[in-house]
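This report describes a multi-chain model in terms of confidence, chain contacts, nonpolar cores and one chosen residue. The sequence and structure come first.

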Amino acid sequence: MSASGLRRRGAALALLAALGCSSGDGDAGSLTAVSWGGAMARAVNKAQYEPFEAATGVTIAREDYNGGLAEIRTQVDTGNVHWDVVDLETFDSLRGCDEGLLELMPDDLLGPGADGSAPAEDFWPGTITDCGIGRIFYSTVLAYHPDRFPGETPATLGDFFDLERFPGRRGMRRSPLVNLEFALMADGVAPEEVYAVLDTDAGMERAFRKLDTIRDFVVWWEAGAQPPQMLADAEVVLSTAYNGRIFNAQVAENQPFVIIWDGQVLDFGQYGIVAGTPNLEVALDFVRFASTPESMARVSAEIAYSPVRRSALPLVTTHRETGVAMAPHLPTSPENMGRALVSDTRWWSEHLDEVNERFSAWLAR
Amino acid sequence: MTEPRSVGPPARARLRAAGLTLPLVAFVGFSFLFPLGTMLSRSVYDPLVADALPETLALLEEWDGETLPGEPVFAAAARELETALGDRLAGRLGGRVNRVASGMRSVIVRGARAAAEAPAATARETLIAGDPAWGDPATWRAIRTAGERFTVRHYLRALDLDRDAGGSVVRQPEELRIYVPLLLRTLMVSGAVTLLCLLLGYPIAHLIANAPPRRARWLILLVLVPFWTSLLVRTTAWIVLLQTHGVVNSLLVALGIVADDGRIAMIYNMTGTLVAMTHVLLPFMVLPLYSVMRTIPPHFMRAASSLGANRRQSFFRVYWPLTLPGTAAGSLLVFILAIGYYITPALVGGSSGQLFSNMIAFHMQTSLNWGLAAALGGILFVAVGALYVVYDRLVGASSLRLG
Amino acid sequence: MPDDANYVEFKGVSKTYDGVTPVVDGLDLQVEKGEFLTLLGPSGSGKTTCLMMLAGFEAPTAGSIRVRGRPIGDLPPRKRGIGMVFQNYALFPHLTVGQNLSFPLEVRGVDPEHTRNRVARALGLVRLEGYENRKTTQLSGGQQQRVAIARALVFEPDLVLMDEPLGALDRRLREEMQYEIRRIQRTLGITCIYVTHDQQEAMVLSDRVAVFHDGRLQQIASPEGLYEEPMRNFVARFIGENNRLPGRIESIDGAVCDVRVGEALIQALRVVPAEVGDETTLSIRPERVKLAPEPGLYHNEFEAEVLDLTFLGDHLRVVVRLLGNDDFVVKIPNIVGHGAVIPGDRVRIGWTPTDCRALDHEPEAAPP
């Protein structure tokens, strides 16, 4: 959509707002921001919502959701949009953009990096899309409790698939996402080759064959809170997990969990704006504000996720609550990036339906 | 003057009485029938591609489906794709075609971009320059299929069927057959849960129905307590109890019944699913059973034994048939609820915890393929409806007693 | 060897639910083979409990019950071979008439051929031929009653218990059914123990009636015996109408005694063993009192004031004030020359000592 189209739409919406369809009140305006609840919502609230309210006088209504586009789609389809800015998984951001559920992000929205570099240089490649501005990197890693391995400890992705040296049950998310990448990398495919291999039937077959080797020993998890729990309860000896959850268990609950960064699969979250929001200008202001390197660094002081701007990484020092140095816990820290893969959300958005069916069939076998 | 024969007042009263039900009728209509109807209509009707590419699709009707279409088709497609791109429709178009053939999303979007940006000498070259897949008849077949305004392909998918290149219906390749096995497993799990609920609920309901009123009230309360906590809490409680190092296993180890390294896997498998779902759904079995048992006077059982029946005969020939309306109602209720459950089995069911409704949720929330979700929902709807018909034949729906 | 006179025998049977209050207290009772015995009494008198103990649904707290000479305490109901008709029929609503009747035969393993025949015969007995395929819920109350009786008889027990079987029927049907029950019992020659609180019904049906009160057997006798020779105050009150005059025994002369009632001295039959000075209640049936007899005809003659007068077709009911009682009833047969009386008249009334029974004194118990 062209910039003029956007303005036209904005004008129409302003008219609607004047007719009483707006949720806004007061001069500075208001905004409904939707996040994931729990630690993520607390972090964003501390690092971004509160500072934005203080700086602009805008009131932010906070809401939580569990991902997915169903709610946004309902709002857009019924013309009753009351969400404005949403923390999206990239996957949803891409689909939402294609489906016209999200506003296009203007090209000139973002400011330069902390080192003066242009945004296109400063942001990690691919983290800015038509309808989404990258926020944070999170990573799916492997983790274990050291008590389960009194002798040799697992250290690589390959060890996760090695039942002989490291017997015991494994936790994995019940989804083909990430797991297929893990399988191929464990089978010796270089990270940059993974999606090219998956694109072929033989490559897909190879990934499932690798998963076959541990299939009977996998406990499938659904929610991000499950893996730390299962590791603590000795339900599994090794599990895939979100690095932030493990970090939280380490610093907040003093769990001696160990993360294996080898073969981590990075994914990033984005800010998106629901199409047709009456608060478009305020929403864009917020995204601009939240996308500065300083703002991103503040998020990483709350929770162990990395800024998607390179120049924000050096600004992250210690965990605000505990004072722990954050660098070793962030997915994009150089020492953790030895073998790492950034998930190709575009590939997944084209293939998820088919692969998910295949995965479900494989699970049910 | 005498009052005319009073035909008016009853008719008016009837009208007024009918009027009182209007809010309910309207509520049912708007909150239930209308959404159900629109949802089901999505399973067969999707005008998006047909509206965006009318000319292309009209031209494709004459196409043989084997060779690459001619330049007029390419030209129409390029023109319509360019317009679609301007209207921010290209992505959605791509998404729709992608559902017919994986990987088509980017083909469509790249084609649209190419048509808008760098027109080559011919439309064919332009599109193929955007993405070489435009040179493959398969792309055009996918577009033609996606362009059907009314379609049964969602239902075909939902039944693990597909159309081959020639248009005849064939079964999906084995590694993609998922919905029918899943439906069968869902029906089986629901059946097993119903049976367990019946086995557990029947004695409980009998106990409550024959307890003195004060104790019966307390027992009912105990049956209802599970409703007071959230589903997630209850499910998590089962994880704590049943996991490898959980309460039950530790107790068994402490009692020396199982060895420490021989702990029983009771969760993240079918056992976990059955236990947790039975617990969650038990009240729906107990309440209808209780309400029916309460109305069975004790002298029926006395009569049976005075007539010479032993306990087993009295139970199976008198008591059990008399509780049939409650048994059937409870079973129907539990079965239907179980069919739609997915959070509990997903959390405690391990690899077998994937049920039919999980796929509906997936297509509603993640893949946004509401057409397929609606078709899956429609099939579930038909399955439950068929069950009801069978029930009606066997027991008679009028005897349903829900409590 | 079964003893026909002691076909059913209660010996010292007591029942209590709370360990304190007896529901049945020290019951001794013999039932003869082929007899129709009615247990009669107000509700709560223990009669139904007796029936339930006999049927096996309740266990006696003390004492023993024998049937056909054998103790049955250890037998479950189904092995006692007793047919039972319940208060609300207890027909199985999910079964047809025919299925209800086949039930006792099928659980006994009778083959289908025999079952069909016996069901048809039983239905014939209660005059419901051809009703096999009806639903029990489609039948009238009287028909349901017949089915219940047929079901209790179809397995040919020689002892049948009936627990207020006619309680739910209207009067006309009751009378019809009373006749039916009597007919069937006589036809089959079975022993029948029947529970009711309706004295009329008891009179019509029974060979003997056992009157219960407060868990105790008051008297057991033929209907005539109960009416003519009540042995207890309660029985006199419960069976038919009677006048009661409380008094004190002044002298005893063999079977006759003089009882002081206020100013008057009344001669009566001494029924219960009582001594001079004991309190007693005199019972006089209203129809045995003569209005305005020739003077000197009766030993007991008194002056009374007419309070009320009711014409009842075959007789007149006159309420008079006598010896301070305002409710003394006299029944006069409606025959020519009874003498016209109107309220306010002072009349002479009298009765013979043999129609006046000195019973136990039981002032607080009120008849139902």
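pLDDT is the predictor's confidence in each residue, on a scale from 0 to 100. Chain C averages a pLDDT of 86, and 95% of its residues score at least 70. For the complex, the predictor gives an ipTM of 0.79 and a pTM of 0.79. This is a predicted model, in which local features need pLDDT of at least 70, side-chain atom pairs count only at pLDDT 80 or more, and totals for chains, interfaces and linings use all residues. Residues are numbered from 1 along each chain as its sequence is written, while chains are lettered from A and ligands numbered from 1 in the order in which they are written.

Chain C has two assigned domains, whose bounds come from an automatic or database domain assignment: domain 1 (4-233) and domain 2 (241-359). Their centres, taken over C-alpha atoms, are 39 Å apart. The table gives the residues on each side of two contacts; two residues are in contact if their C-beta atoms, placed from the backbone, lie within 7 Å.

| Contact | One side | Other side |
|---|---|---|
| Chain C with chain B | chain C: 18 residues | chain B: 14 residues |
| Domain 1 with domain 2 of chain C | domain 1: four residues | domain 2: five residues |

On the side of chain C that touches chain B, strand E6 (82-85) and helix H2 (97-106) of chain C each supply at least two residues. Helices (H or I, at least four residues) and strands (E, at least two) are DSSP runs, numbered from the N terminus. By class, this side of chain C has 13 nonpolar, two polar and three charged residues. Here Ala, Val, Leu, Ile, Met, Phe, Trp, Tyr, Cys and Pro count as nonpolar, Asp, Glu, Lys and Arg as charged, and the others, Gly among them, as polar.

A nonpolar core is a set of buried Ala, Val, Leu, Ile, Met, Phe, Trp, Tyr and Cys residues joined through C-beta atoms within 7 Å. The largest such core has 160 residues; among the members that touch the most others are Val85(A), Leu281(B) and Ala338(B). Helix H15 (residues 270-293) of chain B gives the most to this core, with 13 residues. Another core, of 101 residues, lies apart from it and includes Cys50(C) and Cys257(C).

Leu48(B) is found in helix H3 (residues 48-52) of chain B. Leu48(B) counts as partly exposed because it has 16 C-beta neighbours inside 10 Å; 20 or more would make a residue buried, and 12 or fewer exposed, with C-beta atoms placed from the backbone. Leaving aside neighbours within four places in sequence, Leu48(B) is in contact with Arg92(B) and Arg96(B).
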